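Here is a friendly walk through one model, starting at the ligand and moving outwards. Have the viewer open as you read.

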Amino acid sequence: MSTRIAFLKGHGTENDFVIVPDPENSIELPPATVAALCDRRAGVGGDGLLHVVRSAAHPDARHLAAEAEWFMDYRNGDGSIAEMCGNGVRVFAHYLRRAGHVGDGDIAVATRGGVKSVHIDKEGDITVAMGKALFPEGDVTVGVADHTWPARNVNMGNPHAVAFVDDLAQAGSLYSAPSFAPATAYPHGVNVEFVVDRGPRHVAMRVHERGVGETRSCGTGACAVAVAAARRDGLDPAATGAPVTYTVDLPGGRLVITERADGEIEMTGPAVIVAEGEIDTDWLTVLETVNP
Ligand SMILES: N[C@@H](CCC[C@H](N)C(=O)O)C(=O)O
């Protein structure tokens, strides 16, 4: 019998998501279903999917339920799981407020990368405390066609390789994933950022995301870029006690990233819900028959 699954569509600086509210974790979302929902021609379309579940109802977040009522079960567009999604968590918080699950002000959201504090402005942007950046040791290079660049290895809960380039066009079409070396550097894949300077503490970037392809924005990527640019510029808030802010322009909009003296990185940007509707489960059943 056909039933219907409610969904919404949203984006943060044009990094777009299918949102599936499922408080009691009763909807099965295997990778093939996620990929079909995110398909831009045959499905709803999105860079990823935000499965909205109560922490207590999900095995990956039950241990966080006392700190955060809601768990962002994030999936990449190809169905794979990632630790964290910075644009996603802003859209997730915006959805929670719109649905009446939370009010304005400060809330906590559980993610596979830990609990994130989110500040929701009444009308405006959303700020997320993204945690501290780690700089895994070892030199890394990334490559596209004939170009290779040294890259900074930055972990924001998920892996990033940040390359400063002369011109963003050098990254080419980014239809396929950039290469990286050494081959052992990223056993679980990597998000690759290409960065140019726009002015003092102001950069622009493109990104190729693990599990997705080139996207119009990446929140964790913008944080990785901001801290890589700060270190390149000789700025380290932990050493000086003064916070450092970078403006990061992406094809889909602008994010403002501040690294505090305690190392915490705050990301501020917009979140938008553009539509809501229902998925006919007959469509999913057909999909399971075609792609068992
Ligand atoms: N778009 C996201 C990052 C999503 C996860 C990434 N593709 C990965 O696999 O690590 C963001 O806004 O941070």
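Helix α2 is a good place to begin, since G86 is found in it. Please keep in mind throughout that this is a predicted model. N87 also has its place in helix α2. Both positions come up again in the database record: the unreviewed UniProt entry puts the feature "binding site" at N15, N76, G86, N87, N158, N191, E209, R210, G219 and T220.

**Two residues of α2**

How buried are G86 and N87? A residue counts as buried if 20 or more other C-beta atoms lie within 10 Å of its own. G86 has 30 such atoms within 10 Å, so G86 is buried. N87 has 35 C-beta neighbours inside 10 Å and therefore counts as buried too. The table sets out their surroundings, leaving aside residues up to four places away in sequence.

| Residue | C-beta neighbours | Contacts |
|---|---|---|
| G86 | 30 within 10 Å | V128, M130, G219, T220, C223, M267 |
| N87 | 35 inside 10 Å | G12, T13, N15, S217, C218, G219 |

**The shell around the ligand**

Which residues are closest to the ligand? They are A82, N87, N158, G219 and T220, out of 18 that surround the ligand. Helix α2 (86–98) and helix α3 (219–232) each supply at least two residues of this shell, and the largest share, three residues, comes from α2. By class, the shell has twelve polar, four nonpolar and two charged residues.

Why does the shell lie between two domains? Domain 1 (4–125 + 272–290) and domain 2 (140–269) both give residues to the shell, so it lies between them.

**A covered helix**

Next comes helix α1 (residues 31–38), which is mostly covered, with six of its eight residues buried. The buried ones are T33, V34, A35, A36, L37 and C38.

**Three strands in a row**

Now turn to the strands. Strand β15 (residues 244–250) runs antiparallel to strand β16 (residues 253–259), and seven bridges join them. Across this pairing, V248 stands opposite L255 of β16. The two strands form a hairpin with two residues between them.

On from there, β16 pairs with strand β17 (residues 265–269), again in the antiparallel sense, over four bridges. Here T258 has E266 in β17 as its bridge partner. The hairpin of β16 and β17 has five residues between the strands, and within this hairpin G263 takes a positive phi near 95°.

Definitions and conventions
Residues numbered from 1 in each chain as written. Predicted model: local features only at pLDDT ≥ 70, side-chain atom pairs only at ≥ 80, totals over all residues. Near = placed C-beta within 6 Å. Nonpolar A, V, L, I, M, F, W, Y, C, P; charged D, E, K, R; others polar. Domains from an automatic or database assignment. Buried ≥ 20, exposed ≤ 12 C-beta atoms within 10 Å, placed from the backbone. UniProt positions renumbered as here; feature names shortened; annotations may be inferred. Contact = placed C-beta atoms within 7 Å. Pairing = 2+ DSSP bridges.
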